[in-house]
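Reader: I should like to learn how to read a structure of this kind. May we go through its features one at a time?

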Amino acid sequence: MSLMKNERAIILSMWEKMAPQAEPIGTETLERLFCSYPQTKTYFPHFDLHHGSQQLRAHGSKILTAVGDAVKNIDNLSGALTKLSELHAYILRVDPVNFKLLSHCLLVTMAARFPADFSAEVHEAWDKFMSILSSILTEKYR
């Protein structure tokens, strides 16, 4: 699966709107993940998981920074995500299904924060992009 030219343009355009709000979007995405899928909390036993905690904000920011790096390297996603894939597969041993859950929570957060911009076309492009990211992040598990 690969992105079409128009889908890349949509990803880049939406990212320009998201980038200035990366930390709050990342934090909200994580909070949504932990609320909707409480089993994902098991990977964060040392975190303060209360609403808006410094640890949630810092990790949410890391997640959105990684998404931003992927956007910036949209033509070489595998290369851009190799280290992150290795970290999650070999060191953190995160169940790969969690990437899809996080992707879903990010899409919901985007829809909530940018309702006028989050058209069906934007949703489709970002869903495809996040599916590609999830797939790449699970490559080291195979």
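Author: The turns that follow take up the whole chain and then a few of its residues. This is a predicted model, in which local features need pLDDT of at least 70 and side-chain atom pairs count only at pLDDT 80 or more, while totals for chains, interfaces and linings use all residues. Residues are numbered from 1 along each chain as its sequence is written, and side-chain values use heavy atoms, with hydrogens and water left out.

Reader: How many helices and strands are there in the chain?

Author: Helices (H or I, at least four residues) and strands (E, at least two) are DSSP runs, numbered from the N terminus. Here the chain has six helices and zero strands. Read from the N terminus on, its elements are α-α-α-α-α-α.

Reader: What radius of gyration does the chain have, and what would a compact globule have?

Author: The radius of gyration is taken over C-alpha atoms, and the globule rule is 2.2 Å times the number of residues to the power 0.38. For 142 residues, a compact globule would have a radius near 14 Å, and the chain agrees with this because its own value is 14 Å. The C-alpha trace spans about 40 × 35 × 20 Å along its principal axes.

Reader: How is the surface described, and what share of the residues is buried?

Author: A residue is buried under 20% relative accessible area, exposed over 50%, and partly exposed in between (1.4 Å probe, protein chains only). In the chain, 42% of the 142 residues are buried. Accessible areas come from the Shrake-Rupley method with a 1.4 Å probe, and for residues only the protein chains shown count as cover. The chain exposes about 7800 Å², of which carbon and sulfur atoms supply 56%.

Reader: Is T109 buried or exposed?

Author: T109, which lies in helix 5 (residues 97–113), is buried, because its relative accessible area is 0%.

Reader: Which residues does T109 touch?

Author: Contact means heavy atoms within 4.5 Å. Not counting residues up to four places away in sequence, T109 touches I25, E28, T29 and R32. A polar contact is a narrower idea: a pair of N or O atoms within 3.5 Å, where within protein one must be able to donate a hydrogen and the other to accept it, and residues adjacent in sequence count only if both atoms are side-chain atoms. The side chains of T109 and R32 are joined by such a contact of 3.0 Å.

Reader: Where is T29 placed, and with which residues is T29 in contact?

Author: T29 is in helix 2 (residues 22–36). Its relative accessible area is 2%, so T29 is buried. With neighbours within four places in sequence left aside, T29 is in contact with L102, C105, L106 and T109.

Reader: Is C35, also in helix 2, buried or exposed?

Author: C35 is exposed, because its relative accessible area is 65%. C35 and M110 are 75 residues apart in sequence, and their C-alpha atoms are 17 Å apart in space.

Reader: Which contacts does M130 make?

Author: M130 belongs to helix 6 (residues 120–137) and is buried, with a relative accessible area of 7%. Leaving aside neighbours within four places in sequence, M130 is in contact with V67, S103 and L106.

Reader: With which residues is L77 in contact?

Author: L77, in helix 4 (residues 77–91), is buried at a relative accessible area of 9%. Apart from its neighbours within four places in sequence, L77 is in contact with A70, F129, I132, L133 and I136.

Reader: What share of contacts in the chain joins residues at least 24 apart?

Author: Among contacts between residues at least 6 apart in sequence, 80% join residues at least 24 apart.
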